[in-house]
Amino acid sequence: MKLWGGMLRAFLSGPGRRGGTWGQAFSSWQPHLPPAGSLKATELVSHWTAVFEKRGIPEARESSEYIVAHVLGAKTFQSLKPVLWTQPLTPWQLQCIQELSSHRLQRMPVQYILGEWDFQGLSLKMAPPVFIPRPETEELVEWVLEEVAQRPRVIGTQGGPLILEVGCGSGAISLSLLSHLPQSQVIAVDKGEAAICLTHENAQRLRLQDRIRIIPLDVTLEGSWAHLLSWGPADLVVSNPPYVFSRDMEQLAPEIRSYEDPAALDGGEEGMDIIAHILALAPRLLKDSGSVFLEVDPRHPELVGSWLQSRPDLSLNLVAVRKDFCGRPRFLHIRRSEAQHGCHADT
Ligand SMILES: C[S@@+](CC[C@H](N)C(=O)[O-])C[C@H]1O[C@@H](n2cnc3c(N)ncnc32)[C@H](O)[C@@H]1O
């Protein structure tokens, strides 16, 4: 979705301007609006686009279109019935648009304002501070699906694959894998209470709760791996871990810094803290020749490659790196060597 494209461009573009208070927000727009009772959706979109632009809100038009469409019961402005573009809005609709737009003026991400967002065709509930799934993560999911399709005899010998997701957030990765792989089962873990609740809620909304175990767990705690083997070793470990370098955290866009859980983003000095824990645990969690799929920062393929070389005891090999839709190396496929048995990893 275009909205996140721009948001991500703003990701490292330095601190933006903060939105103002309710009072400031409305005093700046009310004089320009036509009289209530004759206001149309198209006018509201133009109006709020202008207000957002004036206040330095990124993706001004997309934001106002999403808000107006949401209040009129559609996902996108383009998908609204054309008759609704020009039909006068009710006072209640106007008030809703005004209220939701005021949140945008305070730099709240549209995904939180709307309370839901699509990922891989699934409509997921969103709520701060749980991490909002990014469009590039859909590419990670697609890569995992390709791998399962290419190696059906290796992955999921007893029916479908058993997949472990570390850091499930809203459940986006786990639930989209479950929905694409009808025989699969997923263990989804996260250390955040809000993330665990949201994954439960999304699993129930999508009626996928019978094939997922959602476990509140901090994978950096000693012995945590034992809790992850309730269904036996996994075919695949998938994770979009916190991987932002600590020194880059200050440069994140205000939308991210003010609303998303820093624990979902900050990966430590070199963004490797959780990645290293996942890799150190992987030999205990994976079946022979099982795989780890990770989303990472473009600096990580090299760092992870060197880290794995320094840990031959793990018997893990970086077998492929993939670029995202912007051409940056962002996804890693790491495979456990088939020949190794009983590998003991220190976490
Ligand atoms: C970048 S978010 C990814 C969320 C989701 N998988 C997605 O792609 O939208 C990382 C997630 O890892 C979780 N997390 C961070 N540290 C963790 C830890 N030590 N153990 C388990 N989960 C952790 C965070 O709470 C957050 O939900």
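**Notebook: sheet, hairpin, helix pair, ligand shell**

I started with the main sheet: seven strands make an open sheet, ordered β5-β4-β3-β6-β7-β9-β8, with mixed pairing. Note to self: this is a predicted model.

Next I looked up the edges. They are β5 (212-216) and β8 (316-323), each of which pairs on one side only. I also checked the twist: on average, neighbouring strands of this sheet are turned by 15° against each other, direction ignored.

Then I zoomed in on the β5 edge. β4 (residues 185-190) and β5 run parallel and are joined by five bridges. In that pair I found V189 opposite I215 of β5.

Which helices pack on the sheet? I looked up α9 (residues 172-180), which packs there and touches β3 (162-166), β4, β5 and β6 (234-239). The direction of α9 makes about 175° with that of β4. I also looked up α13 (residues 300-309), which packs on the sheet too, touching β8 and β9 (329-336). For α13 the angle is again about 175°, this time taken with the direction of β8.

**Hairpin**

I moved on to β1 (residues 116-119) and β2 (residues 122-125). They run antiparallel, with four bridges joining them. F119 stands opposite L122 of β2. What does Q120 do in the hairpin of β1 and β2? Two residues lie between the strands, and Q120 takes a positive phi near 50°.

**Helix pair**

I then went to α3 (residues 41-54) and α4 (residues 60-71). Their axes come within 8 Å and cross at roughly 140°. Angles over 145 would count as roughly antiparallel, so I wrote down α3 and α4 as oblique to each other. The crossing of α3 past α4 is right-handed.

I listed who makes the contact. From α3 I have A41, L44, V45, W48, T49, F52 and E53. From α4 I have A60, R61, S63, S64, E65, I67 and V68. Sorted by class, this contact has eight nonpolar, three polar and three charged residues.

**Ligand shell**

Last stop was the ligand. How many residues surround the ligand, and which are the closest? I got 26, the closest being P133, G167, G169, N240 and A264. Two elements, α9 and β4, give two or more residues to this shell. I had already met both at the sheet, where α9 touches β4. By class, the ligand shell holds 15 nonpolar, seven polar and four charged residues.

Technical notes
Residues are numbered from 1 along each chain as its sequence is written. This is a predicted model: local features need pLDDT of at least 70, side-chain atom pairs count only at pLDDT 80 or more; totals for chains, interfaces and linings use all residues. Axes are lines fitted to C-alpha atoms, for helices over the stretch in contact, and angles run from 0 to 180 degrees between N-to-C directions. Angles under 35 degrees count as roughly parallel, over 145 as roughly antiparallel, 65 to 115 as roughly perpendicular and the rest as oblique. A crossing is left-handed if the near helix is turned anticlockwise from the far one by less than a right angle, and right-handed if clockwise. Two residues are in contact if their C-beta atoms, placed from the backbone, lie within 7 Å. Ala, Val, Leu, Ile, Met, Phe, Trp, Tyr, Cys and Pro count as nonpolar, Asp, Glu, Lys and Arg as charged, and the others, Gly among them, as polar. Two strands pair if DSSP finds at least two bridges between them. A residue is near a molecule or strand if its C-beta atom, placed from the backbone, lies within 6 Å of it.
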